Amino acid sequence: MNLVKLLFWSIGVSAAGCALSLSGDCQAKNVIVRPKGIHDILVNPGMGITTFQRFNHQAIYPGLRWSEVGPESPIADSPTKPEFPDTSIAYLRWFWHQIEPAPGKYRWEIVDSALEEARRHGQQLMVRIMPYDQKDPLPEWYRSSGARRANKDSDEDGKIWSPDSDDPFYIRKWTALVQEFGKLYDGHPSLDTVDISTVGYWGEGWGPYLPSRDVQKALIDVYFEAFKRTRLLMNFDVIDMLAYGTQRGAGWRLDCWGDMGRPGKNFAHMLDRYPQGVVQAGAQEVWKRSPVALESCGTPGSWQKDPKYDLPYVMDQALRWHASTINIKSTAIPPEWKKAFDEFQKEIGYRFVLRRIEYPQSIKAGQMMPLSSWWLNAGVSPVYYEYILAFQIHSEAGRAVLPTSVDVRQWLPGDAVFDATLYLPDTLKPGKYRLRVGVLDPRTRQPAIQLAIEGKQSDGWYDLGEIQIE
């Protein structure tokens, strides 16, 4: 480095020091902290492996099967902790006949109970209300109402009463259900996402008796009118409807994650449908503003029975899709795969690491405190709800919370920088304090997101270093 370059470099360093000095004194000292990262599994809002029709600390399904029928009342917790990951999300779904057993008579106490159970277990809900499937029919009152049916008893699938979804009666009754659902629960703090459910088996928008495209779009539109604050997820199966829903702002979900092919079929969702469908729907960038949710095809236990199963490929594809949540139907993870699933949980969703922060060693109360910070999102997605990045001046003598205006939803995977000046209340008494950082729930104003760094305190804030208030 020649003398001229050295001179300019020295001036730059001094100027940086002056920029952080409230007094303009270039001799003022700054504190630089580089927090040590941790490699733990972090249970954070809106991400992770979900429970299914269950909550944390409740028994998982034995064997390889599960129930599609959502719980109508609380389930007792297991006396011992199940071998299943702790999670911030419970995914529940119910059939129409459970919620509306008589015309216009809704059993919303089922949803109320689930929301309370979610709160009690430290979780939020992902939910879906489904019209019917091959085992659970439409409500009896609907089938006996004179509504149009799409098939006959003599048809090959005649045991399943499939509605004509172009029937104005179907459109009116299903719309009323969704509207009432949104009226009561849109924006509920324990409600994470709602699946867009319209027609066909499980409401996934596919099947042999689909309505016109205009009707399909109208039934999707109902959700955007009913849920303006709670995020929506669009089912994957019909590509042009996937495109329509995601273009309107929904995230997307698929329910056969992990299908690598079945005996006698030259087709696999993971090879022949899903990767191509994301592109065909123009949904490659949806993850940047809305969540991606995956549900296993079968269970990890059933996957393991196939000697040709490619677990690394399945997990890598989920990461390429920038998935936030994974539903493995509250079934056991094979012991041989537990380590792989543990590492997988550290990569899905978001993972915030504070790499470096610089702030003044001392400062007067009633003045603006400059600070400079460098962050890393080491996950594969952003966080999708608004949280508050805040700093705290803390001691036994007093404390003050310094909220920032940064939108952490914009912290995509990779590096982020936040530089600001924050006002220190003039009520702070002189003395030594600790500077702390937290990511707060905007409703409770309490730390809500765990960071991947050391220094977490019992109240959820992270200790950074000492600061002198003059």
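Helix 5 (residues 168-185) and helix 6 pack with their axes 8 Å apart, at an angle of about 20 degrees. Helices here are DSSP runs of H or I with at least four residues, strands are E runs of at least two, and both are numbered from the N terminus. The axes are lines fitted to C-alpha atoms, for helices over the stretch in contact, and angles run from 0 to 180 degrees between N-to-C directions. Helix 5 and helix 6 are therefore roughly parallel to each other, the term for angles under 35 degrees (over 145 is roughly antiparallel, 65 to 115 roughly perpendicular, and the rest oblique). Their crossing is right-handed; that is, the near helix is turned clockwise from the far one by less than a right angle, whereas an anticlockwise turn would make it left-handed.

A word on the model before we go on. This is a predicted model, in which local features need pLDDT of at least 70 and side-chain atom pairs count only at pLDDT 80 or more, while totals for chains, interfaces and linings use all residues. Residues are numbered from 1 along each chain as its sequence is written, and side-chain values use heavy atoms, with hydrogens and water left out.

Now follow helix 6 to its other partner. Helix 6 (residues 213-226) packs against helix 7 (residues 239-247) at an angle of about 30 degrees, with the axes 10 Å apart. That makes helix 6 roughly parallel to helix 7, and helix 6 passes helix 7 in a right-handed crossing.

Let us turn to the strands. Eight of them form a closed barrel that runs 2-3-4-5-6-7-8-9, with parallel pairing, and the twist from one strand to the next averages 30 degrees. Two strands count as paired if DSSP finds at least two bridges between them. Strand 5 (residues 191-196) and strand 6 (residues 231-235), for instance, pair in the parallel sense over four bridges, and Thr-193 stands opposite Arg-231 in strand 6. Further along, four bridges join strand 7 (residues 251-257) to strand 8, and these two run parallel. Here Trp-257 has Ser-296 in strand 8 as its bridge partner.

Strand 8 deserves a closer look. Five of the five residues of strand 8 (residues 292-296) are buried, so it is largely enclosed by the rest of the structure. Buried means under 20% relative accessible area, exposed means over 50%, and partly exposed is in between (1.4 Å probe, protein chains only). In a regular strand the side chains alternate between the two faces of the sheet. In strand 8, Val-292, Leu-294 and Ser-296 point one way, and Ala-293 and Glu-295 the other way.

There is also an open sheet, in which five strands take the order 11-17-16-13-14 with mixed pairing. Strand 11 (362-363) and strand 14 (398-403) stand at the edges with a single partner strand each, so one side of each is left without a neighbour in the sheet. Strand 13 (residues 388-395) pairs with strand 16 (residues 431-440) in the antiparallel sense over seven bridges, with Ala-390 opposite Gly-438 in strand 16.

Next come the aromatic rings. Rings of Phe, Tyr and Trp (its six-membered ring) pair if their centres lie within 6.5 Å; planes under 30 degrees apart count as stacked, over 60 as edge-to-face and the rest as tilted. The count comes to 32 aromatic pairs. One of them joins Trp-202 and Trp-206, a tilted pair at 6.2 Å centre to centre with 40 degrees between the planes. In Tyr-274 and Trp-321 the ring centres are 6.3 Å apart and the planes stand at 80 degrees, so this pair is edge-to-face. Tyr-274 lies in helix 8 (residues 269-280) and Trp-321 in the loop between helix 10 (311-320) and strand 9 (325-327), so the pair ties together parts that are 47 residues apart in sequence. Both rings belong to buried residues, Tyr-274 at 2% relative accessibility and Trp-321 at 7%. Ring pairs also link Trp-96, Trp-141, Tyr-142, Trp-161, Phe-169, Tyr-170 and Trp-174 into a cluster.

Finally, the backbone. Most residues other than glycine have a negative phi. Trp-202, in the loop between strand 5 and helix 6, has a positive phi near 60 degrees. His-57 has a positive phi too, near 70 degrees, and is found in the loop between strand 2 (48-52) and strand 3 (89-95). At 37% relative accessibility, His-57 counts as partly exposed.
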